[in-house]
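Hi everyone, thanks for coming. I'd like to walk you through one structure today, so have a look at the screen.

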Amino acid sequence: MEFKDLNPLLHNELRLKVMAALDSLDDADFVYLKGLTKATAGNLSVQISKLEEAGYIKVSRSGEGRGSHTVCRITQAGSKALLDYQRTLMEYFSK
Amino acid sequence: MEENFDALEVIARTRGKVDMDKAPTGENLFLLWGTLTAGFFLLQFVLWELLHQPWCLWVWAGTVLIGWPWMILLLRKDHNRAHCRTHEAKVILDIWVFIGAACAIGGFVFGLADKFEWFAMPLISLLIGIGAFVTGEINRFRPKIIGGLAGAVIGIISFTLQGELWTWQMLSLALVSVVSLVIPGFLYKKSVKTNGI
């Protein structure tokens with residue numbers, strides 16, 4: 001029996017938390033995601049950049065330094081990737 | 001690197017946390033628009049009855065001039081406080097932006113065409129009622145649903161206020177604002193304060 005490979009970008013706990021949160025919201029800022037995931041700012045920033053590079057989330061940044069504000073929003077491609085990821089997982093369990 | 005965690009549980013738990021965090025936003029908007037609309041249309045009715053001057057029919061524009069900047073301030077405050085925005089909040093905001101723009105444009109078009117006494121106010125009443133009803137359904141808040149339905153019914157009835165009775169459309173619209181916006185808005189704010197919902 002053949003199984004589809006899990007999306008490696010989503011198969012990471014922190015990135016998956018970010019994607020699941022953004023999929024349930026219209027948008028969320030960095031402060032909210034940091035509190036929700038309990039990740040360090042540096043780690044969260046790196047993972048957000050990876051998701052942004054993959055086109056799964058859109059990030060808008062305003063201001064600079066301490067006053068900067070980063071808002072993240074899931075894209076259509078991101079929503080679809082998350083759905084596919086969940087479907088693949090469900091297949092693992094059902095077969 | 002192989003990750004070892006229960007992905008489905010992570011997704012479910014994160015979504016659950018997000019649901020718990022969903023702070024209600026915009027609880028002041030119903031009160032803001034309801035009070036302004038009721039106040040300005042009541043003032044318009046009184047001034048028209050006393051003075052019968054054409055400019056009296058433009059008093060309602062104060063609702064737009066004060067309401068829009070105030071609303072933007074409230075929304076900014078809400079967004080900074082909440083740190084996230086839900087789909088429901090966005091849908092509700094879009095509905096009210098549409099209704100607000102339709103009411104303002106309709107008011108100006110009917111006013112400039114000197115046909116304000118036609119159907120402008122019953123239409124605005126109907127839109128407010130429908131907006132409150134839909135918002136109530138999304139928020140699952142019964143007073144908004146009931147207020148919206150009552151407002152829509154009053155709006156439909158006010159279409160019959162024609163001829164000499166047309167000035168009563170202003171009072172009818174003020175009544176719709178109180179029934180559909182002020183009372184549900186007050187109850188919603190109270191509910192958010194006491195229950196967080």
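**A helix with two sides**

Let's start on helix 6 of chain B, where R142(B) and I157(B) are exposed on the other side from the buried residues. Keep in mind that this is a predicted model.

So which residues of helix 6 of chain B are buried? They are K144(B), G147(B), G148(B), G151(B), A152(B), I154(B), G155(B) and S158(B). Now look down the axis of helix 6 of chain B: its buried residues fall within an arc of 165 degrees, so they line one face of the helix. And what covers them? Helix 5 (120–139) and helix 7 (168–195) of chain B are included in that cover.

Here's a quick check on helix 6 of chain B, which runs over residues 142–158. With 17 residues at 1.5 Å a residue, the helix should span 24 Å, and its end C-alpha atoms are 24 Å apart, so the two agree.

Okay, on to where the chains meet. The contact takes 18 residues from chain A and 17 residues from chain B. On chain A, at least two residues each come from helix 1 (13–24), strand 1 (27–29), helix 2 (30–37) and helix 4 (76–94). Helix 1 of chain A gives the largest share of that side, with 6 residues. By type, the chain A side splits into 9 nonpolar, 4 polar and 5 charged residues.

One last thing: strand 1 of chain A pairs with strand 1 of chain B (residues 84–85) in the antiparallel sense, over 2 bridges. If you want to find the spot, A28(A) stands opposite C84(B).

Definitions and conventions: Residues are numbered from 1 along each chain as its sequence is written. Chains are lettered from A and ligands numbered from 1 in the order in which they are written. This is a predicted model: local features need pLDDT of at least 70, side-chain atom pairs count only at pLDDT 80 or more; totals for chains, interfaces and linings use all residues. Two residues are in contact if their C-beta atoms, placed from the backbone, lie within 7 Å. Helices (H or I, at least four residues) and strands (E, at least two) are DSSP runs, numbered from the N terminus. Ala, Val, Leu, Ile, Met, Phe, Trp, Tyr, Cys and Pro count as nonpolar, Asp, Glu, Lys and Arg as charged, and the others, Gly among them, as polar. Two strands pair if DSSP finds at least two bridges between them. The expected span of a helix is 1.5 Å times one less than its number of residues. A residue is buried if 20 or more other C-beta atoms lie within 10 Å of its own, exposed if 12 or fewer, and partly exposed in between; C-beta atoms are placed from the backbone. The arc is that of the directions from the helix axis to the C-beta atoms.
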